[in-house]
Structure formats: structure tokens, C-alpha cells
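The exercises that follow are to be worked through with the coordinates open. Each task is followed by a solution that proceeds step by step.

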Amino acid sequence: MTQYAVLIGCVNDKTGKRYAPGDVVLKGDFPVRVIKNWLEIDPPVLAPLPDDDLPGTDEEE
Amino acid sequence: MAAVASGKDKQLRYTRLWVDSADLSGDSRTFSNAENTLEETPDWGWDASAKSFLRGRRTVGLRGYQAFLNDDTARAFAELKMTAGSEHTGVLSLALGGGGEPAVPDPAILLPFTQLMDGASFADGIGVLQIDFISDAGQISGVGKPLGVVLQGKATVNSTSNGSSHDNGASTADGWHAHLHVFSSASGNFSFVIEHSTDDSAFSTLGTFTADGSAATSELLTGTGTVNRYTRLAITRTAGSAVIAVTFARN
């Protein structure tokens, strides 16, 4: 998985970018260890997005 | 070279008692270790319809320490008023600054209290505070351990900031509680958010205070679950300024 739905607001001090619930975090927006913690913590900060649910991906009919 | 306050003098000079939206820190304080932590001076009177308090000295015990809430001379305390017959729930933070004004990461004792004197009005120089304190086990049911840290020393906030972080050394998993004291506001409009982090660089929201700094107030905020190693108070300013203080404790 390379993208994650933001469930709880978060911020990367190094980039200054803030994420609100509903935003999408990309792999690489935060360190791997941080993403792992945020997936596992109670309550979780991020939820994994299946790759075929990536925003902007159109399904062919 | 300026003299440096030492030992007990540091405690006397740099201890702050924040109750609701009032700063009850006085110039006269004393600390001692005592087994019995509540002491009252019997110089105040009551009648059936109203409670009147004579100026006097009160001590309140906090787990072995005693602190004066007011001394026996006229002081300009913030006025605490209650609607007669009502019960009041508020928060108390005792911040121990040691060698200076309490700030991150100075220790703080967080005690939600359940009731002020019913129907009482406190004018300058006269004050009595009755508080239900922690149990012998050192915990308040539903809140947790009272020992925490200062996340924001009493200061005027007028800009957006991430605040200084506190390093707890490790994460904890038993929840948390925090106090916000808003002492005054000048058309303030803020968001006050407790954030936590594993690496002191990427933070996520732990809890958001309802109070927005637009009026004097106090608030207890609680949460369950994991608190990562680092915590801080993130402030987002929309308008104005406010004087606030924030304390935080892990359960």
C-alpha cells in the first residue's frame, strides 16, 4: 500500500504540512516508522487505502 | 553575580496555583511534608442562609504537601463567584517551576475538583476554596494519576504555534487528561490541541479543547488509549489574544 486515509489530524514539522481527517497521506510523506505507529496506535491515525481506491483513478466501464 | 534562589526559596517563588480561570499564585507560600494534608484555621463563620468568610489563612493539602491559597493580608485575587445553590466543577493545576516560571517540562499536579463553596462569593483578599481531593491511592476515579507536566506556562498567546514538546521517555497506554486555564481574553479565537509523536517531528492530534480562548474559563480534557513519547500544545490563532496555561498528565 502506498496511500493512507487520514483519520486523525497530523502534521509533519519538517515540511510544515498538516493533514486533516479525510485527507490522503502518501508513502513518503512521513517516515516509515511513523506510518507504522499511526496504523497500529489506538485510536489509529491512518487507515490503509487499497491501491485500486486511489483518488482520481477512474474505472473503465 | 545575582543571587540564585535555592531550595525552598525556589519553591516559594516559582510555584503557581491555577484554579479554573483564576491564578491563585500568591507571594506567600510554604511547603512542607505532612501526613495530614488538610488544615483549617477556625476563624470563619456560617449561618443558615449565607456563608460568610473572615479573612484568614487556609491551607490545602496535596499528597503530602501544603500550600496556602491565600494569606492573611489583602490581595488582588481574581474574584470567584458562584450562583447560589449550584455545584461547580472545575480544574486545578499546581505548577512547580523550580528555578523559574513554570514551563515545559516542569512538573504539574492536575486535580479536577468537584465543588466550590455553594453560594459563595469571593472578594479581593478573602477567599476559601473547598476541593475534593484525590483518594489515598493517588487517583481520581475516571481521570487518572494527578502528576503531569506543564505544556504551556501562563502566557499571552497571540499567534499560531506548535509549542515546545515534552519528552516522556516512552509511550504509555492508559489514557491521559489535560487542563486548559483561560485567564483572560482580548477577542481571542483559538484552537488548542494536544498533540503527540513518536519522533518529535511528526505529530498527530491527541485531543482538542472545546474552549476557544474567547472568554475566561477552564476545561478538563480526557482521552483513552496510547499516548506517544512526545506531547505538546499546538495553538492555532484565528483572532485576538488570550492568557492561558495548559497542563497534561498520563494516566
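**Exercise 1.** Determine which residues B:Asn251 touches, not counting residues up to four places away in sequence, and decide whether B:Asn251 is buried or exposed.

*Solution.* Taking contact as heavy atoms within 4.5 Å, one finds that B:Asn251 touches B:Val143, B:Gly144, B:Lys145, B:Asp174, B:Gly175, B:Trp176, B:His177 and B:Gly223. This is a predicted model, in which local features need pLDDT of at least 70 and side-chain atom pairs count only at pLDDT 80 or more, whereas totals for chains, interfaces and linings use all residues. Residues are numbered from 1 along each chain as its sequence is written, chains are lettered from A and ligands numbered from 1 in the order in which they are written, and side-chain values use heavy atoms, with hydrogens and water left out.

The next step is to look at the side chain of B:Asn251, which reaches the backbone oxygen of B:Asp174 at 3.4 Å. As for its place, B:Asn251 belongs to the segment after strand 15 (230-250) of chain B, where strands (E, at least two residues) and helices (H or I, at least four) are DSSP runs numbered from the N terminus. The relative accessible area of B:Asn251 is 19%, and it therefore counts as buried, the classes being buried under 20%, exposed over 50% and partly exposed in between (1.4 Å probe, protein chains only).

**Exercise 2.** Describe the interface of chain A and chain B, beginning with how many residues are in contact and ending with the paired strands.

*Solution.* In the count of contacts, 17 residues of chain A meet 17 residues of chain B. The two chains bury about 1,100 Å² between them, 43% of it on carbon and sulfur atoms; buried area here is the accessible area (1.4 Å probe) that two parts lose on being put together, summed over both. Within chain A, the residues that lose the most area to chain B are A:Asp13, A:Arg18 and A:Ile41, which together make up 35% of what that side buries.

Turning to charged pairs, the rule for a salt bridge (a side-chain nitrogen of Lys or Arg within 4 Å of a carboxyl oxygen of Asp or Glu) finds two across this interface. A:Arg18 forms a salt bridge with B:Glu195, with the closest N and O atoms 3.0 Å apart. The elements that give two or more residues to the side of chain A that touches chain B are strand 2 (10-12) and helix 1 (32-40) of chain A.

Finally, strand 2 of chain A runs antiparallel to strand 13 (residues 202-208) of chain B, and three bridges join them; strands pair if DSSP finds at least two bridges between them. A:Val11 has B:Phe203 as its bridge partner in strand 13 of chain B.

**Exercise 3.** Locate the cis peptide bonds at A:Pro43 and B:Pro105, and then establish where B:Ser187 and B:Asp200, each with positive phi, are placed.

*Solution.* The cis bond between A:Asp42 and A:Pro43 has an omega of about -5°, and A:Pro43 sits in the loop between helix 1 and strand 5 (46-49) of chain A. The bond from B:Val104 to B:Pro105 is cis with omega near 5°, and B:Pro105 is in the loop between strand 8 (90-96) and strand 9 (107-113) of chain B.

For the backbone of B:Ser187, phi is near 55°; this residue is in strand 12 (residues 176-197) of chain B and, at 63% relative accessibility, counts as exposed. B:Asp200 has a phi of about 65°, lies in the loop between strand 12 and strand 13 of chain B, and counts as partly exposed at 34% relative accessibility.

Conventions: A polar contact is a pair of N or O atoms within 3.5 Å; within protein, one must be able to donate a hydrogen and the other to accept it, and residues adjacent in sequence count only if both atoms are side-chain atoms.
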